[in-house]
There are 2 protein chains.
Amino acid sequence: MVHRFMYGCGYTEPTNMRVRTKAGREDLRAIWMDGDSVTAIDQRALPQKFKTIGIRTYPEMAEAISNMTVRGAPTIGAAAAYGMALAWKAGEDLDEAAKVIKATRPTAHDLFYAVDLMLSRRKGDLVKAAEAYADGVVTMCKSIGEHGSTLIEDGSRVLTHCNAGALATVDFGTALAPMRVAHRAGKKFFVYVDETRPRLQGAKLTAWELLNEGIDHAIIADNAAGHYMSRGQVDLVIVGADRIASNGDFANKIGTYEKAVLAKESGVPFYVAAPVSTFDFSLASGSGIIIEERSQDEVLFVGGRRISPEGSRAMNPAFDVTPARCVSGFITEMGVFRPGDFSALVRRH
Amino acid sequence: MVHRFMYGCGYTEPTNMRVRTKAGREDLRAIWMDGDSVTAIDQRALPQKFKTIGIRTYPEMAEAISNMTVRGAPTIGAAAAYGMALAWKAGEDLDEAAKVIKATRPTAHDLFYAVDLMLSRRKGDLVKAAEAYADGVVTMCKSIGEHGSTLIEDGSRVLTHCNAGALATVDFGTALAPMRVAHRAGKKFFVYVDETRPRLQGAKLTAWELLNEGIDHAIIADNAAGHYMSRGQVDLVIVGADRIASNGDFANKIGTYEKAVLAKESGVPFYVAAPVSTFDFSLASGSGIIIEERSQDEVLFVGGRRISPEGSRAMNPAFDVTPARCVSGFITEMGVFRPGDFSALVRRH
């Protein structure tokens with residue numbers, strides 16, 4: 001099948017998300033363009049059902065970003081780039097397309113970065129530009145994996161929150177990239193997967209990726225992470241990031257701040273894995289990061305079933321901000337950087 | 001109806017859990033004895049359905065404790081006392097009954113305390129002894145409410161974890177008792193209700209109690225508690241306890257440790273509300289507290305639906321231990337005590 005990337009099918013490196021489908025094992029990306037349309041893994045259907053959706057217009061792409069069919073900051077960036085490519089191919093107003101795509105989610109820096117990059121390339125071929133952007137994300141993720149894998153040893157017990165895997169990053173992952181690289185290098189280690197309420201991306205997506213990859217893991221309630229850290233049963237935490245400020249404060253999925261404070265309390269190294277594009281040097285600190293408030297139904301219902309009494313309301317911040325003081329290091333495609341040591345990244349940016 | 005406690009029906013004080021049923025508003029206890037049987041609110045059916053179950057033998061009581069039809073340390077204590085009363089009334093072997101009832105849950109100190117108390121009263125009328133025990137729990141809870149309510153001010157934003165309410169304590173509550181007293185005194189305040197995965201006792205039971213009581217509240221994912229604390233939007237945390245060691249370390253529902261560390265990080269006062277019977281002065285510290293590991297299905301499924309990929313496993317510790325250094329004070333029926341200042345309690349014990 002043309003739209004499934006197989007080893008050697010036009011890419012210089014094999015893509016790396018292993019998926020067990022009815023057809024056997026396939027290696028896929030989270031999102032890809034093929035002719036006049038884009039195909040994406042429908043992340044809302046996982047882990048019960050593996051299916052893909054076709055996207056033919058930029059408003060459809062905006063909808064797919066907004067309703068979280070595609071999610072994760074780098075995948076959102078690639079989706080935004082492909083959305084601009086669809087608009088360009090159809091001869092649409094690119095400024096209007098940029099506006100619509102940017103209005104989908106407020107927090108992910110990659111979204112704005114990718115749209116602006118496509119606007120700056122509007123004189124050229126935006127399909128090629130979007131493909132190059134997506135390929136670049138994958139290459140970056142692989143580098144993140146190589147730099148980060150040195151932190152994982154035989155016997156390590158790693159904890160992660162939410163899904164910063166291949167699904168979230170076109171391929172390979174950010175927080176999960178070091179684990180993929182370490183696993184393929186033959187290291188034996190164990191991963192605690194925070195289930196990550198309210199949307200359960202850990203229980204649903206990270207567990208699904210680790211299972212497909214063959215990495216030993218167990219899902220835990222978010223409430224149990226601190227318990228295992230306090231007992232010396234966690235050696236390392238690796239999470240992703242949606243936006244990183246100049247001082248090292250960063251936004252990520254709600255609950256990340258809790259795990260970071262708990263890691264500090266127990267002396268557990270806490271790493272953030274993210275491409276350089278996630279850094280937003282226009283922000284001095286995390287206090288400038290806008291936090292998206294999502295529907296209270298994400299808390300009040302699970303799988304369509306109400307878990308709460310009728311009449312009780314919920315509050316549902318989708319992200320939180322973790323202060324730089326809790327971070328041991330940022331694993332990027334350029335290496336591992338401590339907060340306050342970003343000068344090399346600023347030059348690259 | 002005889003088995004529903006109404007104002008003045010043989011109790012010197014009105015019971016205080018307000019329940020809206022088809023019959024209108026009723027005031028009930030979580031568990032009560034009436035003739036040859038015990039009736040309990042089925043806490044597994046809440047909040048969708050309000051129903052009670054009848055318990056006629058001590059093995060049925062052991063089952064109700066084990067499967068969490070009744071839950072919460074003080075309610076478990078009363079249930080255990082009633083179970084011993086049922087055994088006594090039926091002329092059963094009390095030592096065997098004690099053994100069976102004690103084998104149901106490993107963590108709640110009240111369970112062992114109540115069974116041993118009944119054994120020490122075996123020469124007398126164990127029905128009367130069990131009734132006195134349950135009444136004593138309610139009286140203690142009301143005192144806890146009175147002492148704790150002084151901590152809540154007009155405009156306070158209080159956070160609680162799990163359910164330490166009337167359902168958990170026969171009536172009135174421990175952590176929720178100060179809120180009931182403050183509310184009835186006319187104070188206006190707001191409660192963040194941690195949903196409390198994996199069993200969701202916050203979203204299901206605490207929200208249900210606050211809704212019935214008319215106290216303003218919102219359910220939040222456990223992951224969001226730290227976010228609100230870090231932003232200065234929480235003034236006070238009050239939780240219950242299942243067992244408190246001599247040094248002030250205490251066991252409570254999984255996730256309590258996380259909230260305590262986060263409260264300390266943000267300078268938010270953190271209080272533990274529990275009757276003196278919850279203290280276990282035979283334990284020097286929290287490291288001696290046995291942590292129950294419950295079925296992984298509580299994490300992998302919600303409401304009978306799998307939320308995780310088939311093939312992924314889970315780990316599910318039911319409790320954690322919070323160190324005394326995180327606790328601002330223990331709200332008991334004898335007043336509020338700081339960790340390290342328990343001499344008055346030891347004398348009473």
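# A tour of the contacts within chain A and between chains A and B

Select Glu213(A) and Arg18(A): the two form a salt bridge, with their closest N and O atoms 4.0 Å apart. This is a predicted model, and every stop below is read from its coordinates.

**Stop 1: the two domains of chain A**

Colour residues 2-141 of chain A as domain 1 and residues 145-348 as domain 2. Their C-alpha centres lie 22 Å apart. Where they touch, domain 1 of chain A brings 37 residues and domain 2 of chain A brings 39 residues. Between them the two domains bury about 3,400 Å², and 56% of that lies on carbon and sulfur atoms.

Now pick out Arg18(A), Thr107(A) and Cys141(A). In domain 1 of chain A these residues lose the most area to domain 2, together 20% of what that side buries. Arg18(A) is thus met again, after its salt bridge with Glu213(A).

The interface of the two domains has 2 salt bridges. It also has 11 residue pairs in polar contact, counting pairs with both residues at pLDDT 80 or more.

Next, show the secondary structure of domain 1 of chain A. On the side that touches domain 2, at least two residues each come from strand 1 (17-21), helix 2 (73-89), helix 4 (109-120) and helix 5 (126-149) of chain A. Which of the elements gives the most to that side? Helix 5 of chain A does, with 5 residues. Coloured by residue type, this side of domain 1 shows 22 nonpolar, 9 polar and 6 charged residues.

**Stop 2: where chain B meets chain A**

Bring chain B into view. Here 62 residues of chain B are in contact with 63 residues of chain A. The area buried between the two chains is about 4,600 Å², with carbon and sulfur atoms giving 56%. On the chain B side, select Asn223(B), Glu258(B) and Met315(B), which supply 15% of the area that chain B buries against chain A, more than any other three residues.

How many salt bridges cross the interface of chain B and chain A? The count is 10. One to display is Glu195(B) with Arg197(A), whose closest N and O atoms are 2.6 Å apart. Polar contacts between the chains number 26 residue pairs, with both residues at pLDDT 80 or more.

Then select helix 9 of chain B, residues 256-266. With 8 residues, helix 9 gives the most to the side of chain B that touches chain A. That side as a whole divides into 30 nonpolar, 15 polar and 17 charged residues.

**Stop 3: a sheet that takes in both chains**

Switch to a cartoon view and follow the strands. An open sheet of 8 strands runs in the order 19(A)-18(A)-12(A)-9(A)-6(A)-7(A)-8(A)-16(B), with mixed pairing. Its edge strands are strand 19 (335-337) of chain A and strand 16 of chain B, each pairing on one side only.

Strands of a sheet pair through backbone hydrogen bonds, so show backbone atoms for the next selections.

Inside chain A, take strand 6 (residues 157-160) and strand 7 (residues 190-194), which pair in the parallel sense over 4 bridges. Within this pairing, Thr160(A) has Val193(A), in strand 7 of chain A, as its bridge partner.

Finish where the sheet passes from one chain to the other. Strand 8 of chain A (residues 217-220) and strand 16 of chain B (residues 313-314) pair in the parallel sense over 2 bridges. Which residue of strand 16 of chain B stands opposite Ala218(A)? Select Arg313(B) to see that partner.

Conventions. Residues are numbered from 1 along each chain as its sequence is written. Chains are lettered from A and ligands numbered from 1 in the order in which they are written. This is a predicted model: local features need pLDDT of at least 70, side-chain atom pairs count only at pLDDT 80 or more; totals for chains, interfaces and linings use all residues. Side-chain values use heavy atoms; hydrogens and water are left out. Domain bounds come from an automatic or database domain assignment. Contact means heavy atoms within 4.5 Å. Buried area is the accessible area (1.4 Å probe) that two parts lose on being put together, summed over both. A salt bridge is a side-chain nitrogen of Lys or Arg within 4 Å of a carboxyl oxygen of Asp or Glu. A polar contact is a pair of N or O atoms within 3.5 Å; within protein, one must be able to donate a hydrogen and the other to accept it, and residues adjacent in sequence count only if both atoms are side-chain atoms. Ala, Val, Leu, Ile, Met, Phe, Trp, Tyr, Cys and Pro count as nonpolar, Asp, Glu, Lys and Arg as charged, and the others, Gly among them, as polar. Two strands pair if DSSP finds at least two bridges between them.
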